[in-house]
Amino acid sequence: MYIRQAEGERRAFYHNIAKCKSRWGCPVCAPQLTERDQVKLRDALTIWKSSGGETYLVTFTIRHDRSMPTRDAVKGLLAAQNKMKAWRAYKAIMNRAGAAGSITAREISFGENGPHPHVHMLILAKPGMLDELGKVRELWADAVRRQGLEDVNEHGFDVRGGDYAAEYVAKYGKEPSADSKRTVRAWWNVSDEMTRGHTKQTRRLGGATPFTLLRWYADGDKEAGAVFADYFDTMRGRSQLHWSKGLRAKLDLFCLERAEVEKPKARNLVQIDFDTWGAVLRHNGRWELLYVAEQYGPDAVEVLLDRMRRSPGRWRGDFRTTDPLSGRWMPGYYEPLQAAA
């Protein structure tokens with residue numbers, strides 16, 4: 001693998017590195033995958049809008065509490081939705097609305113009432129069909145009831161038109177805002193004391209996405225780690241974004257021109273072998289390595305890599321406030337792995 005740098009740019013990046021491509025469990029790969037999905041979603045909305053159609057955002061969820069395991073909540077939600085979509089009444093509503101298809105995104109957050117699985121569905125239909133699509137609420141409530149779950153409350157179903165669909169696409173895969181957390185009642189009181197950056201605060205924690213839980217676990221919250229592990233075990237292998245059958249083909253009937261942006265040429269700064277990369281991971285120095293490449297160049301990277309290889313321990317300092325090449329960042333400042341565990 002290599003550290004590369006684009007010509008005329010300062011930013012350094014890794015090249016030819018293996019990725020797990022896990023949408024549910026990897027905080028590195030997930031944003032890259034969802035960003036790619038965002039482009040496709042924006043294309044779908046643009047193409048459908050240009051053909052005279054309208055896109056509606058429909059949200060489905062169920063009532064839940066902290067006693068409900070994540071797996072049961074997700075299984076119940078998806079089973080109810082599959083049941084509803086198979087009914088003639090649901091298909092009749094979609095036909096009257098002139099729906100060409102739908103794009104379904106599965107999401108989950110964690111609040112004071114435990115895991116909060118929900119489904120956002122972008123329905124591509126005719127303009128002025130908000131009231132018609134609102135009739136799906138009764139079908140959803142019936143499907144949830146038949147699944148043996150609690151009755152749907154006012155938060156269990158929502159349909160919106162206009163710019164709401166575009167706003168959702170813009171926020172897809174991102175950390176939700178405080179307002180959106182309140183809307184879905186996503187407040188997870190895992191602990192009363194958290195360390196964020198250099199500030200230690202005692203407060204009621206805000207709503208948590210799965211990767212928020214992972215950050216809390218890295219800060220020492222074992223309960224957050226257990227919740228994340230349960231979530232990942234539940235969602236692993238499930239699709240995150242689903243396009244209804246035939247929708248892509250229908251959208252291909254319309255032409256969307258996108259100017260091709262020529263990528264700048266990149267040069268290899270440093271090649272890193274497998275053993276050296278192991279030393280980088282041992283010191284958790286991936287970000288620091290890129291920082292040194294951008295600030296000091298390839299010779300400085302080689303110096304830093306040599307220091308990482310020579311030390312059997314793990315650096316415990318703060319790279320953001322301690323310059324890696326200042327002399328303070330030396331092998332003697334490492335703690336043995338067993339002492340740091």
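Begin by selecting Ala6 and Ala266: Ala266, in strand 10, is the bridge partner of Ala6. Strands here are DSSP runs of E with at least two residues, helices are runs of H or I with at least four residues, and both are numbered from the N terminus. The model is predicted, so local features require pLDDT of at least 70 and side-chain atom pairs count only at pLDDT 80 or more, whereas totals for chains, interfaces and linings use all residues. Residues are numbered from 1 along each chain as its sequence is written, and side-chain values use heavy atoms, with hydrogens and water left out.

**The sheet**

Extend the selection to strand 1 and strand 10, which run antiparallel and are joined by five bridges. Two strands count as paired if DSSP finds at least two bridges between them. Next add strand 2; the three strands form an open, antiparallel sheet in the order 2-1-10. Strand 2 (12-15) and strand 10 (266-271) are the edge strands, each pairing on one side only. From one strand to the next, the twist averages 35 degrees.

On the other pairing, strand 1 (residues 2-6) meets strand 2 in the antiparallel sense over four bridges. Two pairs of residues to display are Tyr2 opposite His15 and Gln5 opposite Ala12. These two strands form a hairpin with five residues between them, and Gly8 in the turn has a positive phi of about 80 degrees.

How many residues of strand 1 are buried? Four of its five are, so that the strand is mostly covered, where buried means under 20% relative accessible area, exposed over 50% and partly exposed in between, with a 1.4 Å probe and protein chains only. Now select helix 13 (residues 298-310), which lies across strand 1 and strand 10 and runs at about 30 degrees to strand 10. Contact here means heavy atoms within 4.5 Å. Axes are lines fitted to C-alpha atoms, for helices over the stretch in contact, and angles run from 0 to 180 degrees between N-to-C directions.

**The aromatic cluster**

Select Trp24, Phe110, Phe211, Phe228 and Tyr231, which form one aromatic cluster. The structure holds seven aromatic pairs. Rings of Phe, Tyr and Trp (its six-membered ring) pair if their centres lie within 6.5 Å; planes under 30 degrees apart count as stacked, over 60 as edge-to-face and the rest as tilted.

The rings of Trp24 and Tyr231 have centres 6.5 Å apart and planes at 75 degrees, so this pair is edge-to-face. The pair links distant parts of the chain, 207 residues apart: Trp24 is in the loop between strand 2 and helix 1 (29-50), and Tyr231 is in helix 9 (residues 222-235). Both Trp24 and Tyr231 are buried.

Keep Tyr231 and turn to Phe228: their ring centres are 5.4 Å apart with the planes at 55 degrees, so the pair is tilted. Phe228 and Tyr231 are separated by about one helical turn because they are three residues apart in helix 9. Phe228 has a relative accessible area of 9%, and Tyr231 has one of 2%.

**Charges over rings**

Select Arg248 and Trp243: the charged end of Arg248 sits over the ring of Trp243, 4.3 Å from its centre. Then select Arg160, which lies over the face of Tyr164 at 4.8 Å from the ring centre. The criterion is NZ of Lys or CZ of Arg within 6 Å of the ring centre and within 35 degrees of the ring normal.

**Last stop**

Finish at His283, in the loop between helix 11 (274-282) and helix 12 (286-296). His283 is buried, with a relative accessible area of 2%. A polar contact of 3.4 Å joins its side chain to that of Arg282. Such a contact is a pair of N or O atoms within 3.5 Å; within protein, one must be able to donate a hydrogen and the other to accept it, and residues adjacent in sequence count only if both atoms are side-chain atoms.
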